[in-house]
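Subject: Structure for your review

Dear colleague,

Please find below the structure I promised to pass on to you. My notes on it follow directly after.

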Amino acid sequence: MKISTKGRYALRLMVDIAQHVQDGPVSLRDAARRQQLSDKYLEQIVTPLARAGLVRSVRGAGGGYLLTRAPEEYTVGEILRPLEGDLAPVECATDRDFCQRSRECVTVELWQDIHRAVAAVVDGTTLADLIARRQARQGEAGEM
């Protein structure tokens, strides 16, 4: 299973918004510049995030995007799923009726184990955790 660029960039955008929340709404242009991404591409990414209620837009001069909750209340999984869909490696990991062989298939349990492991990581990691990791890396870089 691979996470698409939309999923990866969504995480980067959410971290950027969270880190700059004290400055007010974050414009996509500013986030794109800081993240070295296309602001046009971020426009495609922010729409499903807003639809999922993860960010809200502020219109007008000085407008942009804000988180709807505190960073520790977001999981990576809930940020990825609006862009990626279910994170199961194969359809039969979540839908036993998908395949007529699922009752006797020995690999279905493996796929379910992988799905549970991925879910445990993405649903057990918060946006605040990612921010803390970033700050730790910046601190390590400053010590050198």
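The secondary structure of the chain amounts to 6 helices and 2 strands. Please bear in mind that this is a predicted model. In sequence order, the elements follow the pattern α-α-α-β-β-α-α-α.

Overall dimensions and surface

The C-alpha trace spans about 60 × 40 × 25 Å along its principal axes. The chain has 144 residues, of which 38% count as buried. Its exposed area is about 8800 Å², and carbon and sulfur atoms supply 49% of that area. The chain carries 20 positive and 20 negative charges, whose mean positions lie 6 Å apart. Among contacts between residues at least 6 apart in sequence, 62% join residues at least 24 apart.

The nonpolar core

The largest nonpolar core contains 31 residues, and those with the most contacts inside it are Met 14, Leu 49, Ile 79 and Leu 127. At least two residues of this core come from each of helix 1 (5-19), helix 2 (28-35), helix 3 (39-51), strand 2 (64-67), helix 4 (76-84) and helix 6 (127-143). Helix 1 supplies the largest share, 8 residues.

Which residues does Leu 127 contact, leaving aside its neighbours within four places in sequence? They are Met 14, Val 15, Ala 18, Leu 67, Pro 71, Tyr 74 and Ile 79. Two of these, Met 14 and Ile 79, are themselves among the core residues with the most contacts inside it.

Helix 1 and its buried aspartate

Helix 1 has 15 residues and reaches 21 Å from its first C-alpha to its last, close to the 21 Å expected at 1.5 Å a residue. This helix is mostly covered, with 11 of its 15 residues buried. The buried residues include Gly 7, Tyr 9, Met 14, Val 15 and Ala 18.

Asp 16 also belongs to helix 1. Is Asp 16 buried or exposed? Its relative accessibility is 1%, so Asp 16 counts as buried. Beyond its neighbours within four places in sequence, Asp 16 is in contact with Val 26, Ala 31, Arg 34 and Gln 35.

Gln 35 and Gln 36

One of those partners, Gln 35, is found in helix 2. Gln 35 is buried because its relative accessible area is 8%, which is under the 20% cut-off. Not counting residues up to four places away in sequence, Gln 35 touches Arg 12, Asp 16 and Arg 134.

Gln 36 is placed in the loop between helix 2 and helix 3. With a relative accessibility of 74%, Gln 36 counts as exposed. I would also draw your attention to its backbone: Gln 36 has a positive phi of about 55 degrees although it is not a glycine.

Helix 3

Does the length of helix 3 agree or disagree with the span expected at 1.5 Å a residue? Its 13 residues should span 18 Å, and its end C-alpha atoms are 18 Å apart, so the two agree. The buried residues of this helix are Leu 42, Ile 45, Val 46, Pro 48 and Leu 49. An α-helix has 3.6 residues a turn, so residues three or four places apart point the same way. The buried residues of helix 3 pack against helix 1, helix 2, strand 1 (55-58), strand 2 and helix 4. Leu 49 is also one of the residues with the most contacts inside the largest nonpolar core.

Met 1 and Leu 110

Met 1 lies in the segment before helix 1. At 55% relative accessibility, Met 1 counts as exposed. Even so, Met 1 is in contact with Leu 87, Pro 89 and Val 118, leaving aside its neighbours within four places in sequence. The C-alpha atoms of Met 1 and Leu 67 are separated by 28 Å, with these positions 66 residues apart along the chain counted as their separation.

Leu 110 is located in helix 5 (residues 108-123). Leu 110 is partly exposed, because its relative accessible area is 43%. The C-alpha atoms of Leu 110 and Ala 93, which are 17 residues apart along the chain, are separated by 8.4 Å.

Yours sincerely

Definitions and conventions
Residues numbered from 1 in each chain as written. Predicted model: local features only at pLDDT ≥ 70, side-chain atom pairs only at ≥ 80, totals over all residues. Heavy atoms only, no water. Core = buried A, V, L, I, M, F, W, Y, C linked by side-chain atoms within 4.5 Å. Buried < 20%, exposed > 50% of the residue type's maximum accessible area, 1.4 Å probe, protein only. Helix = DSSP H or I, 4+ residues; strand = E, 2+ residues; numbered from the N terminus. Contact = heavy atoms within 4.5 Å. Areas by Shrake-Rupley, 256 points an atom, 1.4 Å probe, with all protein chains shown as cover. Lys, Arg positive; Asp, Glu negative; His and termini not counted. Charge placed at Lys NZ, Arg CZ, Asp CG, Glu CD. Expected span 1.5 Å × (residues − 1).
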